[in-house]
Amino acid sequence: MPANRFNGFSDYGVGIGLRVPHYDHIFAEKPVVDWFEIISENYMVDGGRALKVLDQILERYRVVQHGVSMYFGSVQPADREHLKRLKTLTRRTKTPWLSDHLCWGSVDGRYTHDLLPMPYTFEAVRATAARIREVQDFLEIPIAVENVSSYAEFHESQMTEWEFLNEVVEAADCGILLDVNNIYVSSQNHSFNPFDYVNSVPAERVAQIHIAGHSKFEKYILDTHDHPVLDPVWHLYARAIERVGPTATLLEWDDNIPSFDEVHSEALKATQYLTPKEVLIPSESAVQENAREVVHS
């Protein structure tokens with residue numbers, strides 16, 4: 001939805017990630033950008049260049065925070081010192097909402113620094129939702145959880161990934177950061193219909209959408225974020241917008257990063273889908289056939 005309680009009733013358009021190679025261009029050219037997404041952990045410091053750059057960005061642009069280390073699915077208690085630093089940063093940026101991943105990645109204080117998939121069980125639903133509620137209450141801003149790409153599954157899962165996501169966000173009363181590239185990647189790795197996923201999420205809880213590029217290898221597809229968005233992902237995005245309405249959209253491009261103008265131009269392709277009544281959206285059968293043929297090698 002363009003504005004709901006899960007994105008702080010904001011009405012953002014198309015954003016890109018704030019990345020170091022683009023700093024000089026942004027400050028020199030002052031491009032028109034709807035908003036920037038920052039990785040929270042890069043700015044949870046007491047001073048230095050990172051905060052100086054961030055403050056310069058905040059003077060001119062809207063910023064939304066995205067985290068990579070909350071690990072809502074881990075069983076150990078949330079790190080209170082981490083949460084305090086995170087809350088300080090949210091007050092600095094005035095981010096309308098905060099996103100992080102529906103995954104686990106730490107055990108007994110040891111961090112994998114990876115976004116690991118979870119077993120889709122009711123026990124995991126209860127534990128994950130409780131942790132999200134704890135963090136959301138502490139930070140006092142809406143949280144949106146992101147579906148991750150995955151390359152392995154647990155035999156003990158009691159439901160599909162999208163059913164698990166739906167159970168968690170209902171129990172936690174939080175929002176969704178719907179990553180349509182991750183949905184496509186996982187659908188090809190685990191042989192499910194990506195449209196079943198998009199069609200099943202509660203549209204009223206979608207706070208933000210991610211789009212990105214991926215790469216096809218011999219036995220699996222990897223979420224690489226290193227080139228333009230591919231057609232099957234654009235088609236899934238079109239269906240998502242058809243369901244949820246114009247929603248804040250972020251292009252992820254995190255490796256082999258080209259010029260600012262190239263990244264921004266790719267992101268702005270999303271604008272043609274944000275007015276779905278003017279766009280001819282392909283049938284699901286046509287898109288599924290296209291998805292089998294159009295992949296990056």
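Helices (H or I, at least four residues) and strands (E, at least two) are DSSP runs, numbered from the N terminus. By that rule, this chain has 10 helices and 12 strands. The model is a predicted one, so to speak of local features takes a pLDDT of at least 70 and side-chain atom pairs count only at pLDDT 80 or more, while totals for chains, interfaces and linings use all residues. Residues are numbered from 1 along each chain as its sequence is written, and side-chain values use heavy atoms, with hydrogens and water left out.

**View 1. The whole chain, with its confidence and its surface.** pLDDT is the predictor's confidence in each residue, from 0 to 100. Its mean over the chain is 89, and 88% of the residues reach 70 or more. Residues 290-297 are another story: pLDDT stays under 50 there, and the model has 16 contacts for them beyond four places in sequence. A contact here means heavy atoms within 4.5 Å. For the chain, 81% of the contacts with a separation of 6 or more are between residues 24 or more positions apart. Buried means under 20% relative accessible area, exposed over 50%, and partly exposed in between (1.4 Å probe, protein chains only). Of the 297 residues, 56% count as buried. The accessible surface comes to about 13,300 Å², with 49% of it belonging to carbon and sulfur atoms. Those areas come from the Shrake-Rupley method with a 1.4 Å probe, and for residues only the protein chains shown count as cover.

**View 2. Helix α4 and what it packs against.** Helix α4 covers residues 122-139, which makes 18 residues, and reaches 26 Å from its first C-alpha to its last. That is close to the 26 Å expected at 1.5 Å a residue, where the expected span is 1.5 Å times one less than the number of residues. Its buried residues include Ala124, Val125, Ile132, Val135, Phe138 and Leu139. Arg131 and Gln136 are also among the buried residues of α4. As for partners, the buried residues of α4 pack against α3 (80-93), β4 (98-101), β7 (143-146) and α5 (161-172). Right after the helix comes Glu140, with a positive phi near 65 degrees.

**View 3. Aromatic rings around Tyr237.** A pair of aromatic rings is described by the distance of the centres and the angle of the planes. Rings of Phe, Tyr and Trp (its six-membered ring) pair if their centres lie within 6.5 Å; planes under 30 degrees apart count as stacked, over 60 as edge-to-face and the rest as tilted. The structure holds 12 aromatic pairs. One of them is Trp234 with Tyr237, edge-to-face at 5.9 Å centre to centre and 70 degrees between the planes. These two are separated by about one helical turn because they sit 3 residues apart in helix α8 (residues 231-244). Tyr237 also pairs edge-to-face with Tyr273, at 5.6 Å centre to centre and 85 degrees between the planes. Tyr273 lies in the loop between α9 (260-268) and α10 (284-293), so this pair ties together parts that are 36 residues apart in sequence. Tyr237 is buried at 0% relative accessibility, and Tyr273 is buried too, at 13%.

**View 4. Charges over rings, at Tyr12 and Phe138.** A charge sits over a ring if NZ of Lys or CZ of Arg is within 6 Å of the ring centre and within 35 degrees of the ring normal. The charged end of Arg62 sits over the ring of Tyr12, 3.9 Å from its centre. Tyr12 also belongs to one aromatic cluster with Trp35 and Trp97. Over at Phe138, Lys87 lies over the face of the ring, at 5.2 Å from the ring centre.

**View 5. Arg92 and His190 with their contacts.** Arg92 lies in helix α3 and is partly exposed, at 37% relative accessibility. Leaving aside neighbours within four places in sequence, Arg92 is in contact with Leu51, Leu54, Asp55 and Leu58. Arg92 and Leu51 are 41 residues apart along the chain, with 9.8 Å between their C-alpha atoms. His190, in helix α6 (residues 180-190), is buried, with a relative accessible area of 15%. Not counting residues up to four places away in sequence, His190 touches Ser150, Tyr151, Ala152 and Glu153.
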